[in-house]
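Please look over the sequence and the model shown here before reading on. The report that follows turns to one lysine and then to the chain as a whole.

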Amino acid sequence: MNPASIEILLALLVLLILFMGVRAVLARERITSRLTAFPLTHNLALLSMLGVIPFAVAVEMGGRYGMGVVLAMFAFGVIYLLVPVILAPIQILARTRRFAGIADILVYRFRSIWFGKLASVGAALTLLPFAMAQIIAIAFIFDEYAGIQDRLTTTLFAAAAVGGASLWISWHEGKSTKTQGVFLATLSFLSLFALIALAVTTVALVYEVFNGVQGLSRWAESTGQNQVVQRYEKGYALITLFFLASMVLPQLFSLRAKSSTYQDMRYSSWLFPLLLFLASVPVFPLVWSGLAVEGEIPLQLYGAVLPGLLDLPVISVIAIAGALAAAAGGFTCLSVALSESIVNTIFQPHQQDFTQKNLYRWLRSRKRIAAAGVLVVSVGAALLLRSQSLTDMVLVSFVGVVQLSPALLATFYFSRINRKGVTAGLAVGLTAWTATLFLPLFIGNWDMVIPGLGAISVGVEGWHHMLYEILFLNFATCLIVSLFTKTDQEEKRYADECLVDSVPLPQRVDIQECSLTEVERRLSSVLGAEVAREEIAKIVRELQLNPSETRPQAIRVVRDRLMANLCSQIGVYAGQSIVERTIPLLSGGKEPDDLLIFERLLPNSSGQLSGLSAELNRLRLHHRTTLENLPVGVCSLDTDGEVLFWNNAMESITGVSGDKTNGALLRQLPEPWATLLSDFSASDDTRRSTLKVPRQDREQWCNLYKTVIDIEPSQLLGSQVLLAEDITEPLLLNRELIHTERLASVGRLAAGVAHEIGNPVTGIACLAQDIGRDAKDSEVRKSASMILEQTGRITDIVRSLTSFSRRSDQADAKFTSLPIKAPVKSAINLLTLQQRNGITFASDIDDHIMVEGDLHQLTQVFLNLLTNASDASPEQGVVSVAVEQQDESVIARVIDQGDGIPEAIRDKVFEPFFTTKDTGEGTGLGLSLVYDIIRNHNGEIRVVSLDGGNCMEVKLPLVLATGSQQGKTSRLEN
């Protein structure tokens, strides 16, 4: 075995060891997820689809066209500099519809699986020379190093190395995020290794041949090479070719669909062009190194063969390994893209039932068969190839693949182009390309006889003329046929949807009411139970839905996501066919847009809007915000009773979140609102007043209003608008006002009665005093004393009743220093007038504990607290009032023997209209009034839980007594 063969084997071994190490590292999911989230990983994976272009083709192109190769590489990256104009709209559509490749996009746009078949076959045919270039480049290297003159041997050996690596890399490429991450990370490693090998080889050759960069510059000046390379032969054609190729290469669409970071292309807009620039920097140093050595080596092999010629074994091994990595990466990207396209458009449409097989395993096996077929066809074509130039193969391949550009441009920019036009244009373009450029690769130049022009010699040398002529023929045919043929309504709708200046809108279609469980059952009849269960579970996780979801809007979202997921795996045609069988539509024709999803999409698409569209979007946001924040509940309904809009006030009134109502039918809402709103919506009434809503937590009354929309735009805006007004508070306030007025009348009456009672009671007291003073009998004096005691009690009650009947609002309250015992005693005196189930009121309060406040308002506080305590206590119970001093505060506790207030509602007892009493027994304003009065007195009130009963604790500021009272207070404290 000669040294050159050893270097080849070492290169293979080095690449194999690195391969094994990288795959072992990538087996850890955490490492893979971090790598795939890194922008450099995605852009290196994109660079891998160039294959041997940086290593071999660019060097030969540099020798042929000078600086034209730099322009070509720059043009390949220009599309990424135009992210907002070109790539962003394409990516938005691809992200929402989950297209696996360019063939799926074209099938979706032109609504024809036959056009998808033509596009897939055309892509496979036009990329065949590119695939052959990856294998032949390695075969040439083996031939030059090992001296094997047998073309069959070197080609098979190269195919085994390149194809084996490619099949190994793509073997586990599948549906899961982890396997796709490993696939992308592996391609990124191949690109990075190829770039490093190219850089190391270039630096080694520059220093070996020219002793450094300065020597290289001097040699270029002395030989005039620095002037020679400044020519731009066929520069415009190269720029056009590489720019169009960067738009339509199936590898690019396939890689962008698999990347988890493709939606953020800010990095790609500068990082990918930078990587292309780094890949083109070694071109002229390699060309000049080969010219300076004057070896009889083809230009395309300078990068891989020169190190061996100069006896640099280590650099030679690195160079060969780098070329192998580049070829393997390029062939892998191509075979995966083509296999997906072939399976989705050729194999899959004829397979409609997967109940007896696993969909995922079936897809992987078919894709592997298709990838192996691409390898076999490439090897067979390589053996028949007559041309020996890798540049010719790449240029011919790119001229062929850009025949897809009219169809792609029509997809995103020209809605009037129809499928008949693009089919005719693509067929004409592929036919002309096959005759003028593809066949000459195998048979050499040949004469084409054209009527009226005679025989014309065609071949690869005229690729730049054929590029413009074939493209013009393709465009012209596409345009003429489209102008003179009709476009059906379905294609027009999808054509408008695919335009770059349109926002992808999900259609609000009518579907049969069903649950996710029913959807899974139907899907099982097509895909099998295992796959159906996995697909539905994945959608539930992604959308965070309830597995028992039945809302029509949620089912529509599931339908769209299911279609997107299936389209990404089995293609647009099969994916849509399965979804239409699983979740069929109830009505045909164009349906109104789904406003609920549209509202969520617009903020993400605001960057696309400008000018009048942006101003209209701002107006929409203003109106939307106004409706959401109206104090009246607003609910918009569709013709079938589906909720389209549910504002904040509606959430507050009903207690039902908009997330649960939007997209649901009225009858699916929680009770009592389902029945209440459904009946009102179906009735002829436009207004229903003072409706009592049976709720568990509190009483509620509402007014309902309805407006019916019967104008033409109703198919877009809904058919009904329901308004709900919560009138609970004003209704209860009105009842309380009536009750207050009644109490005021009673108070005025009581004051008059008290005045009239006072005079007789005073007379009785005077007579009793006289009798007691003059009587000699002890029994008479005792009776007189008892009369005086009872008249005194009558006087206290009358005084309390008269005092309480006087009006004392917050505004006219008179704060004075008063003993806390006074309002407590007045409240007890008033309550003793009522028979409250034998309730006894007990209090033992020091006369000298002073507070500052309004007597009437504090009497109202203790009257309400004692009333609630007596209502909560059992018959013959005791309600006690205890008062004590704590530092600078007075603590008054009203304690009952009831069941206590549950902890769940303690925070609500001081809210207006909250009550636990039965209807008609309480308004829920008593404790709210107490809270306001105590707060106005700079105090606090809280609920204290007891083992047997409940305690309302009132805290008021302490007022220290003066003079003799101060001394008494001090003695008490001591």
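A polar contact is a pair of N or O atoms within 3.5 Å, where within protein one must be able to donate a hydrogen and the other to accept it, and residues adjacent in sequence count only if both atoms are side-chain atoms. The model is predicted, so that local features need pLDDT of at least 70 and side-chain atom pairs count only at pLDDT 80 or more, while totals for chains, interfaces and linings use all residues. Residues are numbered from 1 along each chain as its sequence is written, and side-chain values use heavy atoms, with hydrogens and water left out.

The side chain of K706 has two backbone oxygens as partners, listed here with their distances.

| Backbone oxygen | Distance to the K706 side chain |
|---|---|
| S683 | 2.5 Å |
| D685 | 3.1 Å |

K706 is buried (under 20% relative accessible area, 1.4 Å probe, protein chains only), yet it has no salt bridge (a side-chain nitrogen of Lys or Arg within 4 Å of a carboxyl oxygen of Asp or Glu). The nearest side chain of opposite charge, that of D684, is 6.1 Å away. With neighbours within four places in sequence left aside, K706 is in contact (heavy atoms within 4.5 Å) with residues including F680, T686, Q720 and L722.

Across the chain, buried residues make up 52% of the 974 residues. Of the contacts with a separation of 6 or more, 75% are between residues 24 or more positions apart.

Conventions:
Buried < 20%, exposed > 50% of the residue type's maximum accessible area, 1.4 Å probe, protein only. Lys, Arg positive; Asp, Glu negative; His and termini not counted.
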